[in-house]
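This report is a short guide for a reader who has not met the structure before. It starts from one contact, moves to single residues and ends with the chain as a whole.

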Amino acid sequence: MINITIQELEKENEVVLKGELDTAAAEEVEQKLRPLYESNGKDVVIDCTELEYIASSGLRILINILKAANSNNCKVILRHVNDGIRTVLHITGVDGLFEII
């Protein structure tokens, strides 16, 4: 199960993910994050402090957000990524696509 909070701030869109971004949750997550595909000229900051797990379907969603952001000269920043998620990003080779802080 995953909980998603999206907040539009002055200079960025902030997304907080809590729980597990697994295959079962992917469709719901994609629907909730779809507005981020249509960038409003703001960077997207995804707070992963309480993200416990991410499946390949979750990575696909993040990459789709990244593609949309890049096409609008914006970036996607992953913040507070734990070691487990960082390992998944590294093993799949997508860690270099995102700014991870």
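## Lys42 and its surroundings

In this predicted model, a polar atom of the Lys42 side chain lies 2.5 Å from the backbone oxygen of Leu9. The side chain of Lys42 also makes a polar contact of 3.2 Å with the side chain of Glu8. Lys42 belongs to the loop between helix H1 (23–33) and strand S3 (43–54).

Is Lys42 buried or exposed? Its relative accessible area is 16%, and the limit for a buried residue is under 20%, so Lys42 counts as buried. Apart from neighbours within four places in sequence, the residues in contact with Lys42 are Glu8, Leu9, Glu10, Lys11, Glu12, Asn13 and Cys74.

One of these contacts, Asn13, is in strand S2. Asn13 has a relative accessible area of 7% and is buried. With residues up to four places away in sequence set aside, Asn13 touches Gln7, Glu8, Leu36, Asn40, Lys42, Asp43, Val44 and Val45. Glu8 thus appears in the contact list of Lys42 and in that of Asn13.

## Leu21 in strand S2

Strand S2 (residues 12–21) also holds Leu21. The relative accessibility of Leu21 is 1%, and the residue counts as buried. Which residues does Leu21 touch, not counting those up to four places away in sequence? They are Ile2, Ala26, Val29, Leu51, Tyr53, Ile54, Ala55 and Gly58. For Leu21 and Ile2, which are 19 residues apart along the chain, the separation of the C-alpha atoms is 6.2 Å.

## Two residues with positive phi

Most residues other than glycine have a negative phi. Asn73 departs from this sign, with phi near 55 degrees. Asn73 sits in the loop between helix H2 (56–71) and strand S4 (76–79). His80, which is not a glycine either, has a positive phi of about 60 degrees. The loop that holds His80 runs between S4 and helix H3 (83–91).

The accessibility of the residues discussed so far is set out here.

| Residue | Relative accessible area | Class |
|---|---|---|
| Leu21 | 1% | buried |
| Asn13 | 7% | buried |
| Lys42 | 16% | buried |
| His80 | 45% | partly exposed |
| Asn73 | 75% | exposed |

## The chain as a whole

The chain contains 3 helices and 5 strands. Read from the N terminus, the order of the elements is β-β-α-β-α-β-α-β. The radius of gyration is 12 Å, close to the 13 Å that the globule rule gives for 101 residues, so the chain is as compact as a globular protein of that length. The C-alpha trace spans about 30 × 25 × 20 Å along its principal axes.

How much of the chain counts as buried? The share is 45% of the 101 residues. The exposed area of the chain is about 5600 Å², and carbon and sulfur atoms supply 48% of that area.

Among the contacts in the chain with a separation of 6 or more, 67% are between residues 24 or more positions apart. The chain carries 10 positive and 17 negative charges, and the mean positions of these two sets are 4 Å apart.

How values were computed: Residues numbered from 1 in each chain as written. Predicted model: local features only at pLDDT ≥ 70, side-chain atom pairs only at ≥ 80, totals over all residues. Heavy atoms only, no water. Helix = DSSP H or I, 4+ residues; strand = E, 2+ residues; numbered from the N terminus. Rg over C-alpha atoms; globule rule 2.2 N^0.38 Å. Buried < 20%, exposed > 50% of the residue type's maximum accessible area, 1.4 Å probe, protein only. Contact = heavy atoms within 4.5 Å. Areas by Shrake-Rupley, 256 points an atom, 1.4 Å probe, with all protein chains shown as cover. Lys, Arg positive; Asp, Glu negative; His and termini not counted. Charge placed at Lys NZ, Arg CZ, Asp CG, Glu CD. Polar contact = N/O pair within 3.5 Å; in protein donor to acceptor, adjacent residues only side chain to side chain.
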